[in-house]
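Student: I've just opened this one and I'm not sure where to look. What should we tackle to start with?

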Amino acid sequence: MAERIKIGIVTVSDRASAGVYEDISGAAINSTLQQYLTSPWTACYRLVADERDQIEAALCQLVDDEGCCLVVTTGGTGPAKRDVTPEATAAVCDRMMPGFGELMRAESLKYVATAILSRQTAGLRHQALIINLPGKPSAIRQCLDAVFPAVPYCIDLLEGPYLECDGDVITVFRPGK
Ligand SMILES: Nc1ncnc2c1ncn2[C@@H]1O[C@H](COP(=O)(O)OP(=O)(O)OP(=O)(O)O)[C@@H](O)[C@H]1O
Ligand SMILES: Nc1nc2c(c(=O)[nH]1)N[C@H]1C(S)=C(S)[C@@H](COP(=O)(O)O)O[C@H]1N2
(Lines give C-alpha, C1' and ligand atoms only; values in the text may rest on other atoms or scores of the structure.)
(Ligands and ions follow the chains in the order given, each with its own letter.)
Protein backbone atom coordinates (compact mmCIF):
# COMPACT_ATOMS: atom_id res chain seq x y z
CA MET A 1 0.00 0.00 0.00
CA ALA A 2 1.26 3.48 -0.83
CA GLU A 3 2.37 5.47 2.20
CA ARG A 4 -0.14 7.92 3.53
CA ILE A 5 0.35 11.55 2.46
CA LYS A 6 1.78 13.65 5.28
CA ILE A 7 1.42 17.42 5.51
CA GLY A 8 3.16 19.54 8.14
CA ILE A 9 1.40 22.44 9.86
CA VAL A 10 3.69 24.74 11.85
CA THR A 11 2.28 27.56 13.95
CA VAL A 12 4.91 30.12 14.87
CA SER A 13 3.62 32.29 17.69
CA ASP A 14 5.07 33.36 21.02
CA ARG A 15 1.64 33.78 22.50
CA ALA A 16 -0.05 30.65 21.15
CA SER A 17 2.99 28.55 22.13
CA ALA A 18 2.87 30.05 25.63
CA GLY A 19 -0.84 29.23 25.93
CA VAL A 20 -1.91 32.92 26.00
CA TYR A 21 -4.36 32.19 23.22
CA GLU A 22 -5.60 29.17 21.37
CA ASP A 23 -3.93 28.46 18.03
CA ILE A 24 -6.73 29.33 15.63
CA SER A 25 -4.48 29.72 12.59
CA GLY A 26 -3.01 26.20 12.71
CA ALA A 27 -6.53 24.81 13.06
CA ALA A 28 -7.63 26.91 10.08
CA ILE A 29 -4.85 25.44 7.91
CA ASN A 30 -5.94 21.96 8.94
CA SER A 31 -9.63 22.54 8.19
CA THR A 32 -8.89 24.28 4.86
CA LEU A 33 -6.73 21.37 3.69
CA GLN A 34 -9.39 18.91 4.89
CA GLN A 35 -11.83 20.69 2.60
CA TYR A 36 -9.47 20.82 -0.40
CA LEU A 37 -8.07 17.29 -0.38
CA THR A 38 -9.91 14.11 -1.23
CA SER A 39 -6.73 12.00 -1.02
CA PRO A 40 -6.29 10.56 2.48
CA TRP A 41 -3.64 12.49 4.40
CA THR A 42 -2.26 12.95 7.89
CA ALA A 43 -1.48 16.29 9.52
CA CYS A 44 1.79 16.61 11.45
CA TYR A 45 1.33 19.57 13.75
CA ARG A 46 3.97 21.67 15.51
CA LEU A 47 3.51 24.79 17.67
CA VAL A 48 6.70 26.78 18.28
CA ALA A 49 7.79 30.19 19.57
CA ASP A 50 9.16 32.92 17.26
CA GLU A 51 12.70 31.50 17.56
CA ARG A 52 14.74 30.67 14.46
CA ASP A 53 16.23 27.50 15.87
CA GLN A 54 12.84 26.15 16.92
CA ILE A 55 11.28 26.93 13.53
CA GLU A 56 14.20 25.44 11.59
CA ALA A 57 14.18 22.31 13.77
CA ALA A 58 10.44 21.82 13.23
CA LEU A 59 10.73 22.27 9.45
CA CYS A 60 13.68 19.87 9.15
CA GLN A 61 12.04 17.26 11.34
CA LEU A 62 8.78 17.39 9.37
CA VAL A 63 10.53 17.08 6.01
CA ASP A 64 13.47 14.80 6.84
CA ASP A 65 12.02 12.52 9.52
CA GLU A 66 8.25 12.60 8.94
CA GLY A 67 8.56 12.69 5.14
CA CYS A 68 6.00 15.49 4.64
CA CYS A 69 5.53 16.50 0.99
CA LEU A 70 4.11 19.89 2.01
CA VAL A 71 4.65 22.05 5.10
CA VAL A 72 2.52 25.13 5.72
CA THR A 73 3.59 27.63 8.39
CA THR A 74 1.61 30.47 9.95
CA GLY A 75 2.95 33.51 11.79
CA GLY A 76 6.19 35.36 12.18
CA THR A 77 6.30 36.85 8.69
CA GLY A 78 5.95 40.56 9.54
CA PRO A 79 8.50 43.28 10.26
CA ALA A 80 8.42 42.97 14.08
CA LYS A 81 11.77 42.18 15.67
CA ARG A 82 10.83 38.61 16.58
CA ASP A 83 9.32 37.77 13.15
CA VAL A 84 11.88 35.37 11.66
CA THR A 85 9.85 32.67 9.89
CA PRO A 86 10.99 33.66 6.35
CA GLU A 87 14.65 33.59 7.49
CA ALA A 88 14.19 30.15 9.09
CA THR A 89 12.45 28.92 5.93
CA ALA A 90 15.20 30.20 3.64
CA ALA A 91 17.87 28.68 5.90
CA VAL A 92 16.46 25.15 5.53
CA CYS A 93 15.49 25.35 1.85
CA ASP A 94 17.64 24.27 -1.10
CA ARG A 95 15.82 26.55 -3.53
CA MET A 96 13.28 29.35 -3.08
CA MET A 97 9.91 29.68 -4.81
CA PRO A 98 9.31 33.46 -4.81
CA GLY A 99 6.10 33.29 -6.83
CA PHE A 100 4.14 32.07 -3.80
CA GLY A 101 4.90 35.13 -1.67
CA GLU A 102 4.32 37.46 -4.59
CA LEU A 103 0.88 36.01 -5.31
CA MET A 104 -0.19 35.84 -1.66
CA ARG A 105 0.77 39.46 -1.03
CA ALA A 106 -1.08 40.59 -4.17
CA GLU A 107 -4.17 38.63 -3.15
CA SER A 108 -4.01 39.83 0.48
CA LEU A 109 -3.85 43.43 -0.73
CA LYS A 110 -7.49 43.02 -1.80
CA TYR A 111 -8.34 42.60 1.90
CA VAL A 112 -5.80 44.71 3.83
CA ALA A 113 -3.56 47.64 2.89
CA THR A 114 -0.92 46.23 5.24
CA ALA A 115 -0.55 43.02 3.17
CA ILE A 116 2.85 44.18 1.95
CA LEU A 117 4.13 43.97 5.53
CA SER A 118 4.22 40.18 5.25
CA ARG A 119 7.60 38.85 4.13
CA GLN A 120 6.06 35.40 3.57
CA THR A 121 7.89 33.16 1.13
CA ALA A 122 8.07 29.53 0.01
CA GLY A 123 10.85 27.13 -0.85
CA LEU A 124 11.88 23.57 -1.52
CA ARG A 125 13.69 21.35 0.92
CA HIS A 126 14.50 17.95 -0.61
CA GLN A 127 11.13 16.45 -1.63
CA ALA A 128 9.00 19.04 0.13
CA LEU A 129 7.38 22.39 -0.55
CA ILE A 130 7.34 24.78 2.43
CA ILE A 131 4.88 27.71 2.31
CA ASN A 132 4.65 30.60 4.81
CA LEU A 133 1.30 32.18 5.67
CA PRO A 134 0.76 35.25 7.89
CA GLY A 135 -0.32 34.71 11.51
CA LYS A 136 -3.76 36.30 11.29
CA PRO A 137 -6.45 33.57 11.24
CA SER A 138 -8.36 35.34 8.43
CA ALA A 139 -5.25 35.31 6.22
CA ILE A 140 -5.14 31.53 6.06
CA ARG A 141 -8.01 30.90 3.66
CA GLN A 142 -7.27 34.02 1.61
CA CYS A 143 -3.67 33.00 0.99
CA LEU A 144 -4.26 29.28 0.52
CA ASP A 145 -7.11 29.84 -1.96
CA ALA A 146 -4.70 31.94 -4.04
CA VAL A 147 -1.74 29.58 -4.24
CA PHE A 148 -3.13 26.09 -3.68
CA PRO A 149 -4.19 25.62 -7.34
CA ALA A 150 -0.47 25.29 -8.19
CA VAL A 151 0.53 23.13 -5.21
CA PRO A 152 -0.39 19.60 -6.43
CA TYR A 153 1.54 20.10 -9.68
CA CYS A 154 4.54 21.44 -7.76
CA ILE A 155 4.51 18.26 -5.66
CA ASP A 156 4.17 16.17 -8.87
CA LEU A 157 7.35 17.85 -10.15
CA LEU A 158 9.09 16.99 -6.87
CA GLU A 159 8.05 13.36 -7.51
CA GLY A 160 5.90 13.39 -4.40
CA PRO A 161 2.46 11.86 -3.88
CA TYR A 162 -0.43 12.65 -6.26
CA LEU A 163 -2.74 15.05 -4.41
CA GLU A 164 -6.39 14.72 -5.44
CA CYS A 165 -8.65 17.67 -4.64
CA ASP A 166 -12.38 18.37 -4.47
CA GLY A 167 -13.14 20.38 -7.63
CA ASP A 168 -16.18 21.96 -5.96
CA VAL A 169 -13.90 23.53 -3.33
CA ILE A 170 -10.66 24.33 -5.19
CA THR A 171 -9.73 24.10 -8.86
CA VAL A 172 -6.19 22.79 -9.16
CA PHE A 173 -4.22 23.16 -12.35
CA ARG A 174 -1.94 20.53 -13.84
CA PRO A 175 -0.56 21.70 -17.22
CA GLY A 176 -1.15 19.20 -19.98
CA LYS A 177 -3.74 17.27 -17.96
N1 LIG B 1 -1.85 31.14 15.80
C2 LIG B 1 -2.73 32.13 16.03
N3 LIG B 1 -3.98 31.84 16.44
C4 LIG B 1 -4.87 32.83 16.67
N5 LIG B 1 -4.62 34.11 16.43
C6 LIG B 1 -3.41 34.44 16.00
C7 LIG B 1 -2.39 33.48 15.77
N8 LIG B 1 -1.27 34.11 15.35
C9 LIG B 1 -1.58 35.40 15.31
N10 LIG B 1 -2.86 35.62 15.70
C11 LIG B 1 -3.56 36.88 15.74
O12 LIG B 1 -3.15 37.70 14.67
C13 LIG B 1 -2.74 38.97 15.17
C14 LIG B 1 -1.56 39.47 14.37
O15 LIG B 1 -0.52 38.58 14.51
P16 LIG B 1 0.86 39.05 15.19
O17 LIG B 1 1.80 39.38 14.07
O18 LIG B 1 0.67 40.02 16.29
O19 LIG B 1 1.18 37.69 15.90
P20 LIG B 1 2.41 36.77 15.70
O21 LIG B 1 3.68 37.57 15.79
O22 LIG B 1 2.26 35.89 14.51
O23 LIG B 1 2.16 35.92 17.01
P24 LIG B 1 2.79 36.17 18.45
O25 LIG B 1 2.70 37.62 18.78
O26 LIG B 1 1.94 35.29 19.33
O27 LIG B 1 4.18 35.66 18.32
C28 LIG B 1 -2.44 38.74 16.65
O29 LIG B 1 -2.74 39.86 17.42
C30 LIG B 1 -3.33 37.62 17.02
O31 LIG B 1 -4.59 38.12 17.46
N1 LIG C 1 -4.42 37.95 3.90
C2 LIG C 1 -3.86 38.71 4.85
N3 LIG C 1 -2.55 38.97 4.76
C4 LIG C 1 -1.96 39.73 5.70
C5 LIG C 1 -2.69 40.24 6.79
C6 LIG C 1 -4.08 39.95 6.86
O7 LIG C 1 -4.78 40.33 7.80
N8 LIG C 1 -4.62 39.17 5.87
N9 LIG C 1 -2.04 41.03 7.75
C10 LIG C 1 -0.82 41.72 7.32
C11 LIG C 1 -0.08 42.29 8.44
S12 LIG C 1 -0.84 43.58 9.28
C13 LIG C 1 1.17 41.86 8.81
S14 LIG C 1 2.11 42.66 10.01
C15 LIG C 1 1.79 40.71 8.12
C16 LIG C 1 2.59 39.77 8.99
O17 LIG C 1 1.87 38.94 9.84
P18 LIG C 1 2.56 37.82 10.76
O19 LIG C 1 3.78 38.42 11.40
O20 LIG C 1 1.53 37.48 11.78
O21 LIG C 1 2.91 36.65 9.91
O22 LIG C 1 0.86 39.99 7.34
C23 LIG C 1 0.08 40.83 6.49
N24 LIG C 1 -0.64 40.00 5.58
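Student: Let's start with a pair of helices. Is the crossing in which α2 passes α6 left-handed or right-handed?
Tutor: Keep in mind that this is a predicted model. Find helix α6 at residues 137-147, then look at how α2 goes past α6. The crossing is right-handed.

Student: And how do their directions compare: is α2 roughly parallel or roughly antiparallel to α6?
Tutor: The two helices pack at an angle of about 30 degrees, and their axes are 8 Å apart. Angles under 35 degrees count as roughly parallel. So α2 is, relative to α6, roughly parallel.

Student: Which residues of α6 does α2 meet?
Tutor: From α2, the residues taking part are I24, S25, A28, I29 and T32. Their partners in α6 are P137, I140, R141 and L144.

Student: What about the makeup of that contact: how many of its residues are nonpolar?
Tutor: Let's split the residues of the α2 and α6 contact by class. Two are polar and one is charged. The nonpolar ones number six.

Student: α6 seems to have another partner. Is α5 roughly parallel or oblique to α6?
Tutor: Helix α5 covers residues 98-108, and its axis lies 9 Å from that of α6, at an angle of about 125 degrees. That value falls outside 65 to 115 and is not over 145, so neither of those labels fits. That makes α5, relative to α6, oblique.

Student: Which residues of α6 are met by α5?
Tutor: On the α5 side, look for F100, L103, M104, E107 and S108. Across from them, the α6 residues are A139, Q142, C143, A146 and V147.

Student: Now away from α6: is α3 oblique or roughly parallel to α4?
Tutor: Helix α3 is residues 52-65 and helix α4 is residues 85-92. They pack at about 45 degrees, with axes 9 Å apart. Angles count as roughly parallel under 35 degrees, so α3 is, relative to α4, oblique.

Student: How many residues in the contact of α3 with α4 are charged?
Tutor: In α3 the residues are R52, I55, E56, L59 and C60, and they meet T85, E87, A88, T89, A91 and V92 in α4. Sorting them gives six nonpolar and two polar residues. The charged ones number three.

Student: On to the ligands. Which elements give two or more residues to the shell around ligand 1?
Tutor: There are 19 residues around ligand 1, and S13, D14, R15, G75 and G135 come nearest. The elements giving two or more are α1 (14-17) and α2 (24-36).

Student: Which element gives the most to the shell around ligand 2?
Tutor: Ligand 2 is surrounded by 19 residues, the closest being T77, G78, S108, S118 and G135. By class, this shell has seven nonpolar, ten polar and two charged residues. The element giving the most, with four residues, is α6.

Student: One last thing: what is the mean pLDDT of the chain?
Tutor: For the complex, the predictor gives an ipTM of 0.92 and a pTM of 0.96. Along the chain, 98% of residues reach a pLDDT of 70 or more. The mean is 97.

Key. Residues numbered from 1 in each chain as written. Chains lettered and ligands numbered in written order. Predicted model: local features only at pLDDT ≥ 70, side-chain atom pairs only at ≥ 80, totals over all residues. Near = placed C-beta within 6 Å. Axes fitted to C-alpha atoms, helices over the stretch in contact; angles between N-to-C directions. Left-handed = near helix turned anticlockwise from the far one by under 90°. Contact = placed C-beta atoms within 7 Å. Nonpolar A, V, L, I, M, F, W, Y, C, P; charged D, E, K, R; others polar. pLDDT = per-residue confidence, 0-100.
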